[in-house]
Amino acid sequence: MAGGDSMTDRAPESRFALLADGSTVEIRQATPDDAADVREMHERLSPANSYFRFFSFSPQAPEREARRLCRPAGPDHVALLARLGGQLVGVASYESTGRPGVAEVAFAVADEMHGRGIATLLLEHLVSLARQRHLTAFAAETLPENVAMLRVFADAGLVVKRKFTDGVIELTMPLPGLDAAHLDSYLDAVAGRASRADIASLRSLLQPASIAVVGAGRHRGSVGREILHNIVAGGFGGAVYAVNPRGGTVEGLACLSSPADLPVGVDVAVIAVPAADVATVAEQCGSRGVRALAVISAGLGDSGADLLAICRGYGMRLVGPNCYGIAVPALRLNASFAATAPARGDAGLVVQSGGIGLALLEQLSRLGVGVSSFASVGDKYDVSGNDLLTWWEQDEQTSLAILYLESFGNPRGFARTARRVGHKLPVLTVVGGRSAAGRRAAESHTAVDTPLVTQEALFGQAGIVATHSLGELVEAAAFLAAQPLPAGRRVAIVSNAGGAGALAADACVESGLTVVTLSPATRELLARLLPSRSAVTGPVDTTGAVEPDAFRACLEHVAADDGVDALLAIGVPTAVADLTDAIRTARVAKPMAAALLDRPESVGMLTAATAVTAVTAAAVGAAPGSASWPSRVPVYGYPESAARALAHAAAYREWRDTPRGQVPELADADTAAASDLASRFLAEHPGGGWLEADEVARLLACYQIRLAATRPAKPGMAEVEAGVAVTQEPVFGPLVVFWLGGVASGGPADRSARLAPLTDADADAMISAVPTAARLLDQAGSAAVAGLLLRVSRLADDLPEIAELDLNRLIVGSDGAHPAAARARLAPTVPRDPFLRQLR
């Protein structure tokens with residue numbers, strides 16, 4: 001460490017981020033105290049790099065640059081420093097050019113640090129600061145020979161305009177702002193770099209070649225000892241180290257007395273020591289080059305900040321504290337205190353509640369789904385659901401991701417990651433805290449209370465399969481792990497018991513599925529095949545007298561019907577036949593779930609057929625006897641469970657296939673005037689408050705939202721008891737709510753919500769999600785309300801100072817939707833960039 005500074009001595013504005021190779025770098029603004037380090041770094045530059053930076057050779061250049069960069073920051077000047085392990089490795093700055101909204105940027109990186117992404121990371125942080133200060137463009141000058149710097153600008157995701165003048169390339173880079181397409185392109189580029197860096201940093205944790213357990217007790221029953229036992233008994237093939245201050249031998253391993261005795265460069269250390277000792281142990285691990293920690297210990301209190309600072313300073317990724325460990329079955333690594341080793345398989349699992357995690361490990365192993373990797377993140381100081389989703393997106397093992405999270409550090413970043421990953425593999429969760437008691441329990445566990453409506457909005461927009469119980473989560477996971485996604489919501493029900501078929505039909509309709517009526521051709525086939533009293537229209541009732549072969553053939557014919565997207569097969573055991581084998585061996589060409597009403601467990605798995613027969617070959621475009629359709633069929637104890645699982649799969653397929661839409665640019669919005677109004681109000685009312693009626697009208701007018709009383713009367717107007725509201729969530733950002741109230745709509749519960757910014761598809765989905773909207777709003781009315789939602793969303797996203805906004809009693813006409821009443825409350829806020837590349 002440079003100068004022997006403690007790892008906990010950090011400037012208050014320090015931020016940490018990952019470089020391209022996964023190492024951790026500290027970024028903060030320069031101060032006069034940094035002048036000596038800045039000068040020395042520039043003095044160490046090679047002649048070539050010094051020339052690239054200053055366009056000349058001057059011994060005075062390092063001193064001048066140090067004075068320029070380290071003067072106090074102001075509105076026209078920002079300088080950022082990057083430190084790795086305490087050593088200064090890069091600087092970046094912008095200076096006003098005198099042209100409105102344009103600043104000139106400059107960079108320097110230590111010679112030995114080129115190619116690690118430092119300049120690109122610093123550029124991203126400059127962009128974030130500049131956007132918060134309402135700059136519109138960066139300018140830069142570079143020599144044609146400075147290929148590395150030109151590549152930084154070209155790959156940043158910014159639009160770059162070049163001009164060659166007098167041997168120098170002059171660049172102008174408009175900053176992403178009002179142009180939604182430009183912003184999306186830039187954020188995609190940033191997200192790509194963040195993903196690659198994140199993956200590099202997680203390799204030591206999720207592909208370790210060595211592991212240590214600190215706190216490996218000498219007697220069975222202690223947490224550390226049980227974790228060590230699981231690692232050794234599981235057959236992990238890498239190096240394993242046990243640390244116990246009393247020495248001796250544990251699990252056949254000679255104990256080291258301290259983490260300071262570990263060999264250099266151990267990948268993961270699992271820490272299970274008293275809370276008071278955790279920071280000291282982490283410091284010792286860091287000094288030996290340990291790359292990642294999993295801290296089992298709980299109750300750290302104020303020392304938790306020291307733990308995180310130590311991990312940041314040494315560049316160690318941190319799972320926990322207050323966690324149950326990690327597992328990677330493919331490596332035979334079980335560094336958790338699960339009672340049995342989880343089976344290798346397809347599901348990635350990350351949880352905050354360790355107990356729920358162990359239960360899910362058991363269920364997924366029992367079903368044969370298995371686990372690709374598991375992390376119990378506990379208090380989630382560092383490694384989070386975002387990190388695991390990013391890992392699973394590329395690990396070539398994971399086909400579905402399961403999350404149980406009780407808090408969100410960066411919800412908008414999480415939503416963007418989940419939405420991207422969700423287009424490759426399904427992401428599932430269970431929504432906790434739906435009741436007041438549930439919210440109290442979650443808050444006591446994580447110290448964070450996330451409102452239910454906000455969770456549901458986040459999950460819905462991100463395409464996450466959100467279930468309402470642990471059992472429902474396992475049921476949905478079983479289907480998604482075993483079957484392809486249905487092409488639509490049309491479900492055919494085949495049962496050997498009419499009552500069970502009726503219950504299944506009710507469950508399908510209540511879950512948003514459509515129970516199909518089979519085609520005449522299919523009905524004719526079934527009439528010849530099944531007992532005479534069978535019902536063949538749909539749901540199909542084969543009667544209890546059906547034989548297994550006929551039931552199996554019935555499933556195959558129904559699956560071949562063009563009007564069927566998925567099958568629900570229901571079997572009740574009779575003295576005539578057990579239909580389990582008929583369902584297992586049916587070679588169907590459509591997704592299928594089964595309900596066997598004598599099953600002792602709520603969900604299980606049947607090994608299915610391995611080849612496509614002539615009956616179904618045409619439906620899949622395959623030859624009889626060719627490669628299999630799904631090799632497993634999920635089987636449920638109740639038809640309601642099967643229907644829910646099918647509905648989740650169909651909804652996920654719809655989300656995946658539906659275009660996300662665009663955030664409109666709204667060129668007619670006067671963002672500067674709105675920002676000025678908010679700034680002037682908060683200058684007069686530092687604590688915030690409710691705007692006067694005329695101020696609300698002026699604020700809305702900046703976004704072309706006109707109150708009904710301020711616009712000329714138009715013929716054909718209709719007042720709808722409806723409204724649009726915005727609540728600024730402290731962590732999630734603005735939540736936009738649309739509601740329809742009154743007797744005609746069934747009461748105030750008729751509402752939907754999404755997090756800003758809304759796309760046009762989001763606005764349409766919000767209206768469609770309110771059941772009575774189709775009855776109360778015609779096509780033109782829906783379009784008018786959608787337009788209002790998009791303008792309100794943009795206003796809330798542009799002005800985080802809007803704490804609350806209510807627009808009530810909408811007047812819907814040919815010229816749009818106009819509120820008859822409105823109110824707004826402003827509050828001071830600290831600017832926050834949810835997409836800035838930084839660690840928690």
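Biologist: Which residue in strand 13 stands opposite V214?

Modeller: A quick word first: this is a predicted model, where local features need pLDDT of at least 70, side-chain atom pairs count only at pLDDT 80 or more, and totals for chains, interfaces and linings use all residues. Residues are numbered from 1 along each chain as its sequence is written, and side-chain values use heavy atoms, with hydrogens and water left out. Strand 9 (residues 210-214) pairs with strand 13 in the parallel sense over four bridges; strands (E, at least two residues) and helices (H or I, at least four) are DSSP runs numbered from the N terminus, and two strands pair if DSSP finds at least two bridges between them. Opposite V214 in strand 13 stands I271.

Biologist: Thanks! Which residue in strand 14 stands opposite A269?

Modeller: Strand 13 (residues 268-271) has both faces covered, with V268 and V270 buried on one side and A269 and I271 buried on the other; buried means under 20% relative accessible area, exposed over 50%, and partly exposed in between (1.4 Å probe, protein chains only). Strand 13 also pairs with strand 14 (residues 292-295), in the parallel sense over four bridges. In strand 14, the residue opposite A269 is L293.

Biologist: Are helix 8 and helix 9 roughly parallel or roughly antiparallel to each other?

Modeller: Two packed helices are described by the angle between their axes and the distance between the axes. Helix 8 (residues 278-287) packs on helix 9 (residues 303-314) at an angle of about 5 degrees, with the axes 9 Å apart; axes are lines fitted to C-alpha atoms, for helices over the stretch in contact, and angles run from 0 to 180 degrees between N-to-C directions. Angles under 35 degrees count as roughly parallel, over 145 as roughly antiparallel, 65 to 115 as roughly perpendicular and the rest as oblique. Helix 8 and helix 9 are therefore roughly parallel.

Biologist: How many of the residues in that contact of helix 8 with helix 9 are nonpolar?

Modeller: From helix 8, V278, A279, A282, E283, G286 and S287 meet D306, L307, I310 and Y314 of helix 9, where contact means heavy atoms within 4.5 Å. Ala, Val, Leu, Ile, Met, Phe, Trp, Tyr, Cys and Pro count as nonpolar, Asp, Glu, Lys and Arg as charged, and the others, Gly among them, as polar. Two of the residues are polar and two charged, and the number of nonpolar ones is six.

Biologist: What arc around the axis do the buried residues of helix 2 cover?

Modeller: Helix 2 (residues 47-54) has N49, S50, R53 and F54 buried. They lie on the same side of helix 2 because of their narrow span, the arc being that of the directions from the helix axis to the C-beta atoms. Their cover includes helix 1 (35-43), helix 3 (61-70) and strand 5 (102-109). The arc is only 115 degrees.

Biologist: And what arc holds for the buried residues of helix 24?

Modeller: In helix 24 (residues 760-768), D762, A763, M766 and I767 are buried. They sit on the same side of helix 24, because the arc they cover is only 135 degrees.

Biologist: Which strands stand at the edges of the six-stranded open sheet?

Modeller: The order of the sheet is 30-35-34-31-32-33, and the pairing is antiparallel. Each edge strand has a single partner, so one side of each is left without a neighbour in the sheet, and these are strand 30 (689-690) and strand 33.

Biologist: What angle does the direction of helix 26 make with that of strand 34?

Modeller: Strand 31 (residues 718-729) and strand 32 pair in the antiparallel sense over eight bridges. Helix 26 packs on the sheet, where it touches strand 31, strand 32, strand 34 and strand 35. Its direction and that of strand 34 make an angle of about 160 degrees.

Biologist: Is T543 buried or exposed?

Modeller: T543 is not a glycine, yet its phi is positive, about 70 degrees. T543 lies in the loop between strand 25 and helix 18 (548-559). With 7% relative accessibility, T543 counts as buried.

Biologist: Is D166 buried or exposed?

Modeller: D166, also not a glycine, has a positive phi of about 50 degrees. Its place is the loop between strand 7 (161-165) and strand 8 (168-174). Its relative accessibility is 76%, so D166 counts as exposed.
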